[in-house]
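Here are some exercises to work through with the model open beside you. Try each task before you read its solution.

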Amino acid sequence: MSSLHKISVSVFYIFLSLTASGGGPYRPSAGAGEAGMGYVCIMKNGFWSSFHNQASLAYNKSFSFGLNYENRFSIKELGTRSVGMTIPAGKASLGVVYSHFGYTDFKRDMTGLACGIKLSEKISAGIQVDYFSERASGEYGNNQSVTCEAGLLVTPSENIRIGIHLFNPVPNSIRKTYLPTTLRVGAGTDLNKLLFAGVEVEMSSGSKLIIRTGFEYEAAKKLWIRSGFSTNNNSFSFGLGYLAKIAQINLGFTTHEKLGVTSSVSLIFKIH
Amino acid sequence: MLKFLLILFLLFLSFWSFSQETNLSEVVINIAEELAADDSDPEAAVTYIERLYELAENPVKINSAGENEISRLFFLSDFQAKALTDYAHSSGRIISVYELINIPGFDKETAEMMIPFITLDSKTTVNSDSVHWRNTSITNLSIRSGNDDTTSLGSTWKILTKYKFTAGGFSGGFTAEKDPGEKFFSANPPLPDFLSANLTYIGSGLIRRLIVGDYSARFGQGTNINTGIRTGLSLTAPGYMSASDEIKPYTSTDENNFFRGVAAEFSYENLGLTLFYSKNYSDATLGSLSGSSKDYIENFYLAGIHNTSSLLQKKDAIYELAYGINLSYNFNNVRVGFTWSGDRFSLPVKMTGNDPVDIFDFEGDRNNLYTFSYNGLIKRILLYGEFSTNEYKKYAIIQGLSFRPSDRLTINFIFRNYSAGYISFHGKGPGAGSATGNDQGILGNFTFEAAKHLFISGGCDIQKFQWLKYRCSSPSSAMRQEIRVRFTPTETLTIDASYNNRFSMVDNTEANGIPEQKQIITKSIKGSVRYSPYENLTLGTRIDYKVVDPSGSKGMLLLQDMVYRFRQLPVTLWFRYCIFQTDDWDSRLYTYENDLLYSFSIPALSGEGSRSYIMAKWDIVDFAEIRVKYGLTSLIESGTSTKNNKELKIQFKIQF
C-alpha cells in the first residue's frame with residue numbers, strides 16, 4: 001500500500017468514524033502506559049489518565065511533568081505529540097495539557113486546563129476546559145472551538161474504582177464547529193497487590209459502542225507489563241513500563257485490523 | 001439558552017448524584033419499558049405508572065392485614081398477597097420491611113420493589129370516627145419544541161391540573177387537562193378540553209364502595225370489563241398479576257377509556273355485588289348515508305387530541321351507555337364470578353371499507369357480553385380461568401396456572417383464546433395486544449432465587465392470529481422470549497442483565513400482488529448497574545444493544561444517571577446523559593426517565609445523537625413542592641449538523 005493511500009485510509013478511519021483506538025481525535029492521546037492496557041484509563045490513577053478523567057487529578061499529589069509521542073500506524077503524518085503538567089494545590093490538583101496532531105496540510109492543537117478535587121473519602125471530581133484549533137490547507141480553512149469535559153472517580157472500597165467521564169456535553173447548536181459528545185464509564189480492581197484489571201465502555205454521538213478491557217501486572221520491582229483489548233476494530237494492546245529514579249518510561253503498542261500498529265512512548269517526571 | 005446550559009453543566013459538575021426517595025425500582029422500570037416498547041398497547045405504560053404513583057402517594061398499610069388493602073399491591077401474585085395477609089395476621093405486626101424477605105414466597109427483589117408502595121402504619125383509611133381532611137393539588141405545565149404548528153387552535157403548552165381530597169371514608173377530586181395546541185376552554189359552556197371528576201365513599205359494611213362521577217372498573221381477568229391494566233404484564237416480572245374485582249375513581253387523562261356515572265360495590269358475607277351505569281360522550285368520526293345529517297359512526301377517535309377544527313368536530317360526537325353487574329362468591333379457597341355488561345351507542349357503527357382486515361369489526365349500536373370466571377388455591381397451585389361470550393357466539397377463554405413448588409421458585413402458565421369477532425369496548429384480557437380478539441396464545445414464565453442475592457427469571461409468549469391484522473394480510477404468529485439475571489451483592493449495588501428475543505410477521509411490501517409475510521426477529525441485550533456510595537447519592541449506568549433481522553439494523557446506547565439529594569437543602573436533583581445510535585426506526589431503544597409526579601417519560605430513541613435531562617425537586621415548605629425538568633434530545637442529521645428538541649416541564653404540588 002502506498003504511503004499516500006495509507007494516509008488517506010487512516011484519515012478516513014480517524015476523522016469519519018471518530019472511534020479509532022484511543023478514543024476520539026478531539027482528546028489528547030492517552031499515555032503509552034494507558035495505550036498498553038487498551039486505553040482502559042478513566043478509573044486508573046496515573047499522570048495521563050488524569051487528562052482522560054480529571055477526577056483522578058485529585059490523587060496526583062506531586063508536581064509532575066510528562067511527554068508523550070504517539071506514532072499512529074507508523075505514519076509520521078499521523079503522529080501526536082503531547083505534553084502535560086500536574087500541580088498540587090491544597091485539596092485540589094491542577095493540570096495543563098497540550099497536544100499537537102497532524103502534518104503540514106492538517107493540524108489540530110488542543111490545550112486543556114484541568115482541576116481535580118477530592119470531595120469525600122469515596123468521591124473525587126474534575127473538570128477540564130478545552131480549546132481546539134484546526135488548521136487545514138487549501139479551501140478547508142481553519143476552525144476553533146471551546147468545550148469542556150468532566151469526570152467522577154468513585155472508590156467504593158480500597159480495591160475498586162469506578163470512573164465516569166463526559167466529554168463535550170454542550171449542544172453543538174451553540175457553536176459553529178461540530179464536536180462529538182463522548183460518555184465513558186469504567187470500573188477497575190486490584191485483583192492482588194501486583195495485578196490491576198479494568199473494563200470500560202465508551203460511546204460517542206454518531207458512533208458505535210466500544211468496550212475495552214485491560215490489565216497491568218507488576219512483573220518485577222518497578223517493571224510493569226500491560227495488555228488490553230478493544231472491540232473497536234478488534235484492537236489488541238501491549239505495553240511495558242519501567243520506573244527509574246525520577247522518571248517513568250512507558251511503551252505501548254496497539255494493533256488495528258487493517259492499518260497496522262500504533263506505537264507510543266511516554267516519559268513522566270515526578271519533581272517532588 | 002447558553003446561560004441555561006452552562007448552569008445545567010455547572011450543576012452537573014457540582015452535584016452529580018442521586019436520591020432514592022422517588023426512585024422506582026429497576027424491576028418496575030423494566031416493566032414500564034417493556035410496556036412502552038410494545039406498540040400494540042401504548043396506554044398500558046401510562047396506566048401502570050399512574051397506578052404506581054397512586055400507590056406511592058397512598059401506600060398500602062400492610063399491617064392492616066386486610067386482604068382488600070393488601071390486594072392494592074397489584075403487582076403481587078395471589079400467592080404473595082395471601083402469604084402477606086396470613087403473615088400479618090399471625091405475627092401481629094410487621095416491624096421492618098426487611099421482615100418481608102422471610103415471608104414464604106417473598107424474596108429480596110420483591111420486597112425491594114414493594115418498599116416505595118407500603119407503610120408499616122396499621123390504621124386503615126376507612127375510619128369514620130376520625131375524619132381527617134387531606135387535600136392534594138398538582139399542576140403541570142409543559143412545553144416542547146416542535147409543537148408550534150401555527151394551525152393549532154390554542155397555545156403550545158400542555159397543562160394538567162389535579163385535585164384530590166380525602167376525609168374519612170369520603171374522597172373526591174377532579175382532573176383537567178389540555179394537550180399542546182388545544183384551547184384550554186372550549187365548547188359551550190367553556191370547560192377545559194378534558195375534565196373529569198368523582199366523589200367516592202368507601203365503607204366497611206354492606207356498601208363497600210360508591211362512586212359518583214368518573215370511574216374505572218375491572219372484573220375477573222378483564223375480558224369483559226377492564227379499563228385498567230391487563231394481567232400478564234411482563235415476561236419476567238417477579239409477581240404475576242392476580243385477577244381482582246374493583247371499581248376505582250378515575251384520575252387518569254386517557255379521554256376515552258373510563259366510565260361516567262354511578263358505580264356501587266356491595267358485600268355481604270362471602271357474596272360480592274357490583275353494579276355500574278355510565279353515560280359517557282366519546283370522540284368519533286361520523287358519516288352520513290342520507291347526505292343531510294350524520295347518522296353513523298365511521299370509526300372511533302381515541303387519540304384525545306383536539307388541536308385543529310376538524311379534530312374538534314370529532315370531540316364528544318357520540319354518547320355511549322354502558323351498564324353491568326358483577327356477582328362474586330367466595331368459597332373457602334375458590335372464588336367464582338359472573339359479569340354481564342352492555343353497551344349502547346347513540347349512533348350505529350358501520351363498516352365502510354372493503355378491507356378484509358376489518359371483516360370482524362363491530363357493526364351495530366349495541367353489544368352485550370357475558371362472563372364466568374373463577375380462581376382457586378389448592379396448596380401451592382393457583383388455578384384461574386374465565387369464559388366470555390357475546391351474542392354472536394364469539395368468545396374469549398382464559399385458563400391459567402400458577403405453581404410454587406418451593407419458596408424460591410414460581411412457575412406460571414396462561415393460555416388464552418380470543419376468537420376474531422369477540423369485541424369488548426372496555427375489556428382488556430391477558431395477552432400482548434390492546435384488543436381482546438383475534439389472538440390465541442400461551443405464556444409461560446418463572447422466577448427463581450438461584451442463590452443468595454441472585455435472581456433469575458424468564459418467560460416465553462407464543463401467539464397466533466387466526467385472522468388478518470394491521471400490516472399482516474394473512475394469518476400470522478409472534479413470539480417473545482426473555483431471560484433476566486439480577487444480582488444484588490449488597491444493599492447499595494444492583495446489577496441487572498437481560499436478553500430478549502422477539503419474533504413477529506409483517507407484510508413484505510416490497511413485492512407486488514398479495515403481500516407475502518416476512519419475519520422480523522429482534523434480539524436485544526440490556527445491562528445496568530446501580531450503585532449508591534452514599535445514602536443521598538446514586539449512580540446508574542446502562543448499556544443496551546439491539547439487532548433486528550433480516551435487515552441487520554442495530555441499535556445501541558450508553559447512559560449515565562446521577563441523582564443527588566442535598567443534606568442541608570430540601571432539594572433533589574436528577575441528571576441523565578445518554579448517547580445512542582440506531583440504524584433505523586426498527587432498532588429504536590426505550591429508556592425510562594424520571595419525570596414529574598403522575599407523569600412518565602419513556603422516549604423512543606432512534607437515529608444518532610444524545611438525550612439528556614436535568615430535573616430538580618424543591619420542597620419549598622412542608623406542604624408544597626415544585627419540580628422542574630429540562631430535557632434535550634440532540635439528533636445528528638446529515639453529517640455533522642444537529643437538530644435539538646427541547647422540553648420544559650414544571651410542576652407545583654400542594655398538600656395540606
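Domain bounds here come from an automatic or database domain assignment. This is a predicted model: local features need pLDDT of at least 70, side-chain atom pairs count only at pLDDT 80 or more, and totals for chains, interfaces and linings use all residues. Residues are numbered from 1 along each chain as its sequence is written, while chains are lettered from A and ligands numbered from 1 in the order in which they are written.

**Exercise 1. Find the domains of chain B and work out which elements of domain 1 touch domain 2.**

Step 1. Mark out domain 1 (128-191) and domain 2 (203-446) in chain B. Their C-alpha centres lie 26 Å apart.

Step 2. Collect the contacts (C-beta atoms, placed from the backbone, within 7 Å). You should get 15 residues from domain 1 of chain B and 9 residues from domain 2 of chain B.

Step 3. Map the domain 1 side onto elements, taking strands as DSSP E runs of at least two residues and helices as H or I runs of at least four, numbered from the N terminus. β4 (158-167) and β5 (170-178) of chain B give two or more residues each, and β5(B) gives the most, with 3 residues.

Step 4. Sort that side by class (nonpolar: Ala, Val, Leu, Ile, Met, Phe, Trp, Tyr, Cys and Pro; charged: Asp, Glu, Lys and Arg; polar: the others, Gly among them). The domain 1 side comes out at 3 nonpolar, 8 polar and 4 charged residues.

**Exercise 2. Describe the side of chain A that touches chain B.**

Step 1. Count first: 29 residues of chain A are in contact with 28 residues of chain B.

Step 2. Now the strands: β5 (123-136), β6 (142-157), β7 (160-167), β8 (182-190) and β9 (195-204) of chain A each supply at least two residues to this side. β6(A) has the largest share, 5 residues.

Step 3. By class, this side of chain A holds 20 nonpolar, 7 polar and 2 charged residues.

**Exercise 3. Check the backbone in three loops of chain B, at B:His453, B:Arg471 and B:Pro550.**

Step 1. B:His453 sits in the loop between β21 (439-451) and β22 (454-465) of chain B. Its phi is near 75°, a positive value in a residue other than glycine.

Step 2. Go on to the loop between β22 and β23 (476-490) of chain B, where you'll find B:Arg471. Phi of B:Arg471 is near 70°, again positive in a non-glycine residue.

Step 3. Why do both count as partly exposed? Buried takes 20 or more other C-beta atoms within 10 Å, exposed 12 or fewer, and partly exposed is in between, with C-beta atoms placed from the backbone. B:His453 is partly exposed because it has 18 C-beta neighbours inside 10 Å, and B:Arg471 because it has 14.

Step 4. Finish at B:Pro550, in the loop between β26 (537-549) and β27 (553-565) of chain B. The peptide bond from B:Asp549 to B:Pro550 is cis, with omega near 10°.

Methods: Two residues are in contact if their C-beta atoms, placed from the backbone, lie within 7 Å.
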